[in-house]
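Please open the model in your viewer and keep the sequence panel beside it. The stops below are ordered so that each selection leads on to another.

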Amino acid sequence: MNKSYIALASIICCIGQPAYSYEKGDWMVRGGITAVTPNDSSNHVNVAGTDLGIGVNVDSNSQLGLNILYFYTPKLAVELLAATPFSHDIGLDTVGDLGSTKHLPPTLSLNYYFLEPSAAFQPYVGAGLNYTIFFEEEFTSANTEAGFSNLELDNSFGLAAQIGFDYTIDEKWSINTSVRWIDIDTEATFDLNGAAGSVDVEIDPLVYSVMLGYRF
Ligand code: NI
């Protein structure tokens, strides 16, 4: 084997085994689709002290999701989840549509990558905190005509946990998928023909993301 052949062989060998290690001080931005799928349960709706005997439900929604990560070490990154506003229909069990709400669920997590930093496949686990801001809560026009008004959902502060992985394509680009559980609980308050109503709702969604990542 002459020297140039060995040099060529060593280049070919290493094309298949790139070392795109995460490094301390790296930033990563990911963008893609994020779906919020509620695992909801509620107590019964109460109006002026009367239990109506039925609860409410919340449907799923997908939006553009954004992650910003900072690597404190090659294995430990802080991540912020942001998204365009989610919009959910709220239903009254066995009756039908009640109204809708929008929300933003910013979530701050500490992610731990447990394989070697040079691996292309980078699974991680993360835990953190969520603050969910509800806005533009409204009843359907039929319910508004029936006397429902002033729908308001309390903002929620709770724990979040996730698993996911990055798959490194090259030095800068990666693909990512993750699933998170977020503890989101709220109290909805409203008026019905002048009487005060309320219902407690646990939304506790699973949040799925598929994203493209860019590291710099
Ligand atoms: Ni909960």
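Is Asp166 buried or exposed? Select Asp166 to begin: at 0% relative accessibility it counts as buried, where buried means under 20% relative accessible area, exposed means over 50%, and partly exposed lies in between, with a 1.4 Å probe and the protein chains only. Before going further, note that this is a predicted model, in which local features need pLDDT of at least 70 and side-chain atom pairs count only at pLDDT 80 or more, whereas totals for chains, interfaces and linings use all residues. Residues are numbered from 1 along each chain as its sequence is written, and side-chain values use heavy atoms, with hydrogens and water left out.

**Salt bridges**

Keep Asp166 selected and add Arg30, with which Asp166 forms a salt bridge whose closest N and O atoms are 3.0 Å apart; a salt bridge here is a side-chain nitrogen of Lys or Arg within 4 Å of a carboxyl oxygen of Asp or Glu. Because Asp166 lies in strand β13 (residues 156-168) and Arg30 in strand β1, the pair ties together parts that are 136 residues apart in sequence; strands are DSSP runs of E with at least two residues, helices are runs of H or I with at least four, and both are numbered from the N terminus. Arg30, also at 0% relative accessibility, counts as buried.

Next select Asp26 and Arg215, whose side chains meet in a salt bridge at 2.5 Å, N to O. Asp26 lies in the loop between α1 (3-15) and β1 (27-37) and Arg215 in strand β17 (residues 206-215), so this pair ties together parts that are 189 residues apart in sequence. Both Asp26 and Arg215 are buried.

Move on to Glu136 and Lys102, where the side chains meet in a salt bridge at 3.3 Å, N to O. Glu136 lies in strand β11 and Lys102 in strand β9, so the pair ties together parts that are 34 residues apart in sequence. Glu136 is partly exposed, with a relative accessible area of 48%, and Lys102 counts as partly exposed at 30%. To finish this stop, select Arg30, Glu79, Asp166 and Arg180 together, since salt bridges that share partners join these residues into one network. A search of the whole structure finds 5 salt bridges.

**The nickel ion**

Centre the view on the nickel ion, whose protein donors are Asp183 (OD), Asp185 (OD), Glu202 (OE), Asp204 (OD) and Asp204 (OD), lying 2.1 to 2.5 Å from it; donors are N, O and S atoms within 2.8 Å of the metal (3.2 Å for Na, K and Ca), and water is not among the atoms, so sites may look incomplete. Along the sequence the donor residues are spaced D-x1-D-x16-E-x1-D. Asp183 lies in the loop between β14 (173-182) and β15 and Glu202 in strand β16, so the pair ties together parts that are 19 residues apart in sequence. Glu202 is partly exposed, with a relative accessible area of 36%.

**A loop residue**

Now select Thr94, which is placed in the loop between β8 and β9 and counts as exposed at 81% relative accessibility. Add Thr107 and compare the two C-alpha atoms: they are 33 Å apart in space, while the residues are 13 apart in sequence.
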